[in-house]
Amino acid sequence: ADLRSFHVFCGNGEKRPFYIKREVNHIQARATHNLKYFYLNYLVIVALIFGVALVLSSAAMVLFLLSGAWTLALKLTQDGPMTVRGVVVTQQMVLVILGICTLFILSEVLAKLMSTTVFFSVFVISSHALLRDESSLPAIDQSDSSERDKNVRKESVNEKSSLLDSVMS
């Protein structure tokens, strides 16, 4: 599980790192290889797109203001109920009202942020996976990883059995 360098991801130094293939089976093989090879890079791209969408969203200000309201309400009702224009407001009432507001606002904000993130992520990732030349990249061999997994499991079992033997004696 490696995060590939920016130079490998962009194909710096290669003659033609990006081009379009015409045959459907070649396109499918390329996309599959690139999705497996660069999956961690793609996860980072999704996180970056989400972060940028959050920062650029006007709803982010609402979230910051809401967190400030939570903090202020908890601070003001910390020593007991407070009276606002003759109405006694307890900490529990404040928390329930702010909780309901937060649920509605977060559901709306996150729905918009997630749809933006999904749209741009799918566009960027599919473009890269379909256009990035995989011939200069190392082959991904599933048998190596499954063999490695078997060895790790054997070592883990051996370590556990030796740990049990040392505890029992």
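Q: How many helices and how many strands does the protein chain have?
A: This is a predicted model. From the N terminus on, its elements run α-α-α-α-β-β-α-α. The protein chain therefore has six helices and two strands.

Q: What share of the residues in the protein chain is buried?
A: A residue counts as buried when its relative accessible area is under 20%. The protein chain has 169 residues, and the buried share of them is 22%.

Q: Which residues of helix 4 are buried, and which elements are included in what covers them?
A: Helix 4 covers residues 59-76 and reaches 25 Å from first to last C-alpha, close to the expected 26 Å. Its buried residues are A59, A60, L66 and A73. They lie on the same side of the helix, because they cover an arc of only 145° around the axis. What covers them includes helix 3 (39-56) and helix 5 (91-131).

Q: Which residues are exposed on the other side of helix 4?
A: The buried residues of helix 4 include L66 and A73. On the other side, the exposed residues are M61, F64, L65, T71, L72 and K75.

Q: Which residue meets R132 in a salt bridge?
A: R132 is buried, with a relative accessible area of 0%. Its partner is partly exposed at 26%. The two side chains meet at 2.9 Å, N to O, and the partner is E14.

Q: How many residues apart in sequence are K21 and E134?
A: The closest N and O atoms of K21 and E134 are 3.1 Å apart, and the two form a salt bridge. K21 lies in the loop between helix 1 and helix 2, and E134 in the loop between helix 5 and helix 6, so the pair ties together parts whose separation in sequence is 113 residues.

Q: Is K21 buried or exposed?
A: The cut-off for a buried residue is under 20% relative accessible area. K21 has 16% relative accessibility, so K21 counts as buried.

Q: Which residues are linked with E134 in a network of salt bridges?
A: The side chains of R30 and E134 meet in a salt bridge at 3.0 Å, N to O. R30 is in helix 2, 104 residues apart from E134. E134 also forms a salt bridge with K21. The residues linked with E134 in the network are K21, R30 and D133.

Q: Which residues make the nonpolar surface patch that includes I20?
A: I20 sits in the loop between helix 1 (6-10) and helix 2 (24-37). I20 counts as exposed because its relative accessibility is 57%. The patch has an area of about 350 Å², and the residues that make it are F18, I20, L130 and L131.

Notes: Residues are numbered from 1 along each chain as its sequence is written. This is a predicted model: local features need pLDDT of at least 70, side-chain atom pairs count only at pLDDT 80 or more; totals for chains, interfaces and linings use all residues. Side-chain values use heavy atoms; hydrogens and water are left out. Patches are made of residues with over 30% relative accessible area and no salt bridge: like charges are joined within 9 Å, nonpolar side chains (Val, Leu, Ile, Met, Phe, Trp, Tyr) within 5 Å. Accessible areas come from the Shrake-Rupley method with a 1.4 Å probe; for residues, only the protein chains shown count as cover. A salt bridge is a side-chain nitrogen of Lys or Arg within 4 Å of a carboxyl oxygen of Asp or Glu. Helices (H or I, at least four residues) and strands (E, at least two) are DSSP runs, numbered from the N terminus. Buried means under 20% relative accessible area, exposed over 50%, partly exposed in between (1.4 Å probe, protein chains only). The expected span of a helix is 1.5 Å times one less than its number of residues. The arc is that of the directions from the helix axis to the C-beta atoms. Contact means heavy atoms within 4.5 Å.
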